[in-house]
Amino acid sequence: MVALAEEVVSGSTRAAARAIRLVDDRSEGYERLLATLYPYTGKAMVLGITGTPGAGKSTLVAELVTSFRKAQKKVGVLAVDPSSPFSGGAILGDRIRMQDHFLDPGVFIRSIATRGALGGLSFSALDLSRVLDAFGCEVVIVETVGVGQDELDIARLADTTVVVSAPGLGDDIQAVKAGILEIADVFVVNKSDKPGADAAVADLEHMVALGYEVDDAFKAHHHGTAPLEPNKARCNNTNWEPVIIKTVAATGQGVDELMNAVGAHQRFLFDTEPGKQKRREKLKEQMGWLLEQSVLTRVRSLLQTELDEEVERVLQMNEDPYTVVREITDKFLRR
């Protein structure tokens, strides 16, 4: 694994592809490989692109790749596709849409399958982003599956989260309410040349302002501070207000503005105390996420035999599944 890690760090595309396959498949030794690569990470900007199906996320990602390449940035793209229910593999639709970048040695594109994971990501997405970081990618773009309101895991992984919507997809508010509103650093209304784009922007502006009114009222009540005025820009040393950008990804319109907004958020993260605190909290979340996966994997492996034995009892209606699971859990905790 040390030799493979050295090849990845040296910039070998073949080694990076092999490492990504090994990590994505959770093959033996993948944790050791990640541990060896970790000292070479922390340099890439991880940009998360999420949003509703049909909003044009893949086309937008392709335009972002073009813009980053013009700036001489090495780019990695992780496109999370739905899993095949038969093979567990990815459908590869996003790679087809980004085929213009296939021959560019400064772009590494990989489709990964959700493999049953909820929240729009695969379980290995965080680890794969770190492989690309060690590989020398200055920007890692992670495009999630479009699953709507529950697509929140990207906020754990990405430095900057871009939520993409488009007019004409039904209830515009439905796409960005609740948790999605809270995780967005930048909102994009794509396909803004279509009717209803201005209304979608107005809806988002209203929701962002309303969210800050509620947040400020809570702080004023509990901390004795006066609430800030709604609709006022807060890209300062105390907070970050989500930016709303109109784009037409098919023509590249608005992509420069999106790049500027992403850059501004990066400066907020690295140059302000609240931003640095957000980075600490995100790392803690990531480590907690890895801990959950590690514990769950090991527990399943240890208890699988006992579970197989108890299935027959439940199948014959001699016991209920809740009691059986509680007994197995108690037995495991006494070990």
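The following exercises, each with a worked solution, concern the predicted model shown above.

Residues are numbered from 1 along each chain as its sequence is written, and side-chain values use heavy atoms, with hydrogens and water left out. Because this is a predicted model, local features need pLDDT of at least 70 and side-chain atom pairs count only at pLDDT 80 or more, whereas totals for chains, interfaces and linings use all residues.

**Exercise 1. The nonpolar core**

Task: State which residues of the largest nonpolar core touch the most other members, and which helices and strands each supply at least two residues of this core.

Solution.

Step 1. A nonpolar core is a set of buried Ala, Val, Leu, Ile, Met, Phe, Trp, Tyr and Cys residues joined through side-chain atoms within 4.5 Å. Buried means under 20% relative accessible area, exposed means over 50%, and partly exposed lies in between (1.4 Å probe, protein chains only).

Step 2. The largest nonpolar core has 36 residues, and L33, V131, L132 and V142 touch the most other members. At least two residues each come from helix 1 (2-9), helix 2 (13-24), helix 3 (30-37), strand 2 (75-81), strand 3 (107-113), helix 6 (125-134), strand 4 (139-143) and helix 7 (154-157). Helices (H or I, at least four residues) and strands (E, at least two) are DSSP runs, numbered from the N terminus.

Step 3. Apart from this core lies another, of 27 residues, with V107, V188, L258 and V262 among them.

Step 4. Consider V131 in detail. Leaving aside residues up to four places away in sequence, V131 touches V8, A16, A19, I20, V23, L34 and L37, where contact means heavy atoms within 4.5 Å.

Step 5. A general tendency may be recalled here: in soluble globular proteins, nonpolar side chains tend to be buried together.

**Exercise 2. Strand 2 and its neighbours**

Task: Determine how many residues of strand 2 are buried and how many bridges join strand 2 to strand 3 and to strand 4.

Solution.

Step 1. In strand 2, 7 of its 7 residues are buried.

Step 2. In a regular strand the side chains alternate between the two faces of the sheet. On one side of strand 2 are V75, V77, A79 and D81, on the other G76, L78 and V80, and all are buried.

Step 3. Two strands pair if DSSP finds at least two bridges between them. Strand 2 runs parallel to strand 3, with 7 bridges joining them; the bridge partner of V80 in strand 3 is I112.

Step 4. Strand 2 also runs parallel to strand 4, to which 5 bridges join it. Here L78 stands opposite V142.

**Exercise 3. Helix 12**

Task: Locate the kink in helix 12 and identify the helices against which its buried residues pack.

Solution.

Step 1. At the start of helix 12, a side-chain oxygen of T272 comes to within 3.1 Å of the backbone nitrogen of G275.

Step 2. Helix 12 (residues 273-315) has a kink of about 50 degrees, centred on L303. The bend at a residue is the angle between axes fitted to the seven residues ending there and the seven starting there.

Step 3. The buried residues of helix 12 include W289, L303, E306 and E310. Its buried residues pack against helix 6, helix 7, helix 11 (255-271) and helix 13 (321-333).

Step 4. After helix 12 comes M317, whose phi is positive, near 65 degrees.

**Exercise 4. Salt bridges**

Task: State how many salt bridges the structure holds, and describe which parts of the chain the pair R69 and D104 ties together.

Solution.

Step 1. The structure holds 9 salt bridges. A salt bridge is a side-chain nitrogen of Lys or Arg within 4 Å of a carboxyl oxygen of Asp or Glu.

Step 2. The side chains of R69 and D104 form one of them, at 2.8 Å from N to O. R69 lies in helix 4 (residues 57-70) and D104 in the loop between helix 5 (93-97) and strand 3, so the pair ties together parts that are 35 residues apart in sequence. R69 is partly exposed, with a relative accessible area of 22%.

Step 3. K331 and E306 form another salt bridge (3.8 Å, N to O). This pair links K331 in helix 13 to E306 in helix 12, 25 residues apart. K331 is partly exposed at 39%, whereas E306 counts as buried at 14%.

Step 4. In the salt bridge of E327 with R313, the closest N and O atoms are 3.8 Å apart. E327 lies in helix 13 and R313 in helix 12, 14 residues apart. Salt bridges that share partners join E310, R313, E319 and E327 into one network.

Definitions and conventions. Polar contact = N/O pair within 3.5 Å; in protein donor to acceptor, adjacent residues only side chain to side chain.
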